[in-house]
Amino acid sequence: MKFKFNDDQAFQVKFAFTNSEKEYAEFFKGEKGEILPVLCQNLILVGLGSKEDLDYLSLRLAANKLGKYIADKDCKAITLNLKESPEIDKDECILALVEGLFLSSYNFDFYKTEKCDFNLETVNINSNTNNLDQVEELVNVLEAQTIARDLVNKRSNDIYPESLANYTKEELEKLGVNVKVYNKEEIEKMNLKAFMEVAKGSDKEPKFIVMEYLNGGDEKPLVLVGKGLTYDAGGYSLKPSNGMKTMNSDMGGSATVIGAMAAIAKNQVKTNVVAIVAACENLVSGRAYKPGDVISSLAGKTIEVDNTDAEGRLTLADAVCYGSTKYQPRLLIDLATLTGACLVALGERFSGVITNSEESFADLQEAADKAHEKIWMLPNDDAFKELNKSKVADIKNSGGRLGGTITAGQFVGEFVKEGTNWIHMDIAGTAYLSSSYDCFDEGATGVHVKTLYKLAKKYSK
Ligand code: BES
Ligand code: MN
Ligand code: ZN
């Protein structure tokens with residue numbers, strides 16, 4: 001879809017508040033989500049609800065409904081007539097409209113023989129405010145978010161460690177990101193022992209993917225770590241089959257950091273960002289790790305495997321240790337579809353956050369607000385720490401059911417180098433929706449590509 005600023009004679013779209021269109025009052029009230037095509041006048045009316053209720057998300061949703069309405073019509077171009085709707089002829093509002101329309105074009109039909117209709121090609125914006133630069137920047141970010149959504153929606157027979165690594169290298173190197181992929185022998189030599197324990201049960205070779213985008217001089221980098229379980233069957237602590245079925249999405253954290261790198265690189269943000277993904281599968285086999293095993297880690301800490309289904313934190317333990325020791329980050333953020341407990345606590349609407357730095361969290365909250373993505377901080381309190389204590393090893397990989405999101409996050413935190421600013425984001429609920437919400441269908445959302453992009457921008461020169 002292309003966005004242009006002009007007053008093309010294409011189908012005109014007019015946005016209207018409740019009861020503002022007297023001429024069409026019998027057919028159109030202007031309620032939120034209402035759409036009325038007035039074909040004889042080449043006009044579509046889109047309702048916004050009451051003026052007081054207008055905000056970014058409701059405007060985005062209205063545009064999204066418009067896009068979905070037009071999708072299967074034989075209409076290739078529309079003109080958003082904002083000159084007649086001065087209340088929304090503003091930079092932020094234009095961005096909300098662009099985003100809503102862009103999101104309406106996403107259909108995951110990769111596996112369908114017959115592809116979904118989406119005929120709309122051109123959106124003309126007829127306005128008094130021309131913010132084409134901002135629109136182009138946003139579209140780059142949204143395209144990067146689409147990359148993340150596709151990666152998560154594709155199934156584990158298509159996205160496995162090697163294909164994920166190859167795709168990442170191909171896509172990101174085009175954009176000027178340096179991508180290094182380490183294979184199994186190299187991972188072993190690097191002493192990523194906890195990661196290897198999870199990976200060893202699968203016939204698919206693990207890959208350790210390091211992406212460097214260096215465009216900020218000698219400033220300390222922002223380091224992003226994404227959980228990269230391309231499938232999580234649970235291992236010997238096997239998941240029931242209905243819980244297993246969607247575990248192709250367990251690389252949601254890695255998709256987000258890959259998407260964020262694409263967004264940052266496409267827009268050539270002047271900053272240093274490194275992203276790290278330890279990609280593997282958690283399966284059952286004669287070579288798999290087992291409940292009760294005691295394993296080691298890059299940090300040198302020993303870990304009792306209380307539950308093989310708490311595998312993400314083991315892979316992250318080595319990845320955050322590597323990232324925090326090698327790069328001296330200004331801030332390290334790990335993102336992971338880490339716990340079912342996070343779904344219980346926050347549903348599919350908020351991501352759960354744990355941090356050791358209130359100051360960094362304030363930066364993240366500001367970025368999330370700008371991105372219109374929801375996060376909620378949980379207490380990183382010492383009172384929970386005894387739950388991860390092991391009788392036989394330095395720590396165990398599950399703290400049990402109670403406070404499960406917190407103890408999982410704290411486990412990861414134990415492997416971050418002392419003195420590093422660190423934020424953990426549990427996106428188990430937000431990365432993959434069980435039913436559609438807002439502008440997103442069931443399935444992958446690409447959550448926090450936008451937030452990380454905004455944060456990288458804040459940290460740029
Ligand atoms: N990948 C899962 C978490 C998950 C569950 C993500 C549902 C998305 C939807 C993770 O590896 C896992 O299995 N966590 C366990 C931890 C437990 C064994 C301590 C869980 O949440 O049950
Ligand atoms: Mn698991
Ligand atoms: Zn998992």
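## Positive phi in two loops

Helices here are DSSP runs of H or I with at least four residues, numbered from the N terminus. The model is predicted. On that numbering, asparagine 191 sits in the loop between helix 5 (184-189) and helix 6 (193-199). Its phi is near 70°, a positive value in a residue other than glycine. Is asparagine 191 buried, partly exposed or exposed? Asparagine 191 has a relative accessible area of 36%. Partly exposed covers the range between 20% and 50%, so that is its class.

Glutamine 268 also has a positive phi, near 50°, and is likewise a residue other than glycine. Its loop runs between helix 8 and strand 10 (272-282). Relative accessibility is 58% for glutamine 268. The cut-off for exposed is over 50%, so glutamine 268 counts as exposed.

## Two nonpolar cores

The largest nonpolar core holds 51 residues. Leu164, Met211, Leu222, Leu224 and Ile333 have the most contacts inside this core. Helix 8 (residues 252-266) is the top contributor, giving nine residues. A second core is separate and has 42 residues. Phe195, Val198, Cys280 and Ile303 are among them.

Take leucine 222 from the largest core. Residues up to four places away in sequence are set aside here. Leucine 222 then touches Asn272, Val273 and Val274. Its other contacts are Leu331, Ile333, Leu455, Ala456 and Tyr459. Ile333 is itself one of the residues with the most contacts inside the largest core.

## Helix 1 against helix 2

Helix 1 (residues 56-71) and helix 2 (residues 91-104) have axes that come within 7 Å. They cross at roughly 40°. The pair is therefore oblique. The crossing is right-handed.

Helix 1 brings Tyr56, Leu59, Arg60, Ala63, Asn64, Leu66, Gly67 and Lys68 to the contact. Residues on the helix 2 side include Glu92, Cys93, Leu95, Ala96 and Leu97. Glu99, Gly100, Leu101, Leu103 and Ser104 also belong to that side. By class, this contact has ten nonpolar, four polar and four charged residues.

## Helix 3 against helix 8

Helix 3 (residues 132-153) packs on helix 8 at an angle of about 155°. Their axes lie 8 Å apart. How are helix 3 and helix 8 oriented to each other? Angles over 145 degrees count as roughly antiparallel, so this pair falls in that class. The crossing of helix 3 and helix 8 is right-handed.

From helix 3 come Asn140, Val141, Glu143, Ala144, Ile147, Ala148, Leu151 and Val152. They meet Gly252, Ala255, Thr256, Ile258, Gly259, Ala262, Ala263 and Lys266 in helix 8. The contact of helix 3 with helix 8 divides into ten nonpolar, four polar and two charged residues.

## Helix 12 and histidine 424

Helix 12 (residues 404-413) has ten residues, and nine of them are buried. The helix is therefore largely enclosed by the rest of the structure. The buried residues are Gly404, Thr405, Ile406, Thr407, Ala408, Gly409, Gln410, Phe411 and Val412.

Histidine 424 belongs to strand 17 (residues 422-426). Is histidine 424 buried or exposed? Its relative accessibility is 0%, so histidine 424 counts as buried. Leaving aside neighbours within four places in sequence, histidine 424 contacts Asp334, Leu338, Gly352, Val353, Ile354 and Gly409. Gly409 is one of the buried residues of helix 12. Lysine 245 lies 179 residues from histidine 424 along the chain. Their C-alpha atoms are separated by 25 Å.

Key
Residues numbered from 1 in each chain as written. Chains lettered and ligands numbered in written order. Predicted model: local features only at pLDDT ≥ 70, side-chain atom pairs only at ≥ 80, totals over all residues. Heavy atoms only, no water. Core = buried A, V, L, I, M, F, W, Y, C linked by side-chain atoms within 4.5 Å. Buried < 20%, exposed > 50% of the residue type's maximum accessible area, 1.4 Å probe, protein only. Contact = heavy atoms within 4.5 Å. Axes fitted to C-alpha atoms, helices over the stretch in contact; angles between N-to-C directions. Parallel < 35°, antiparallel > 145°, perpendicular 65-115°, else oblique. Left-handed = near helix turned anticlockwise from the far one by under 90°. Nonpolar A, V, L, I, M, F, W, Y, C, P; charged D, E, K, R; others polar.
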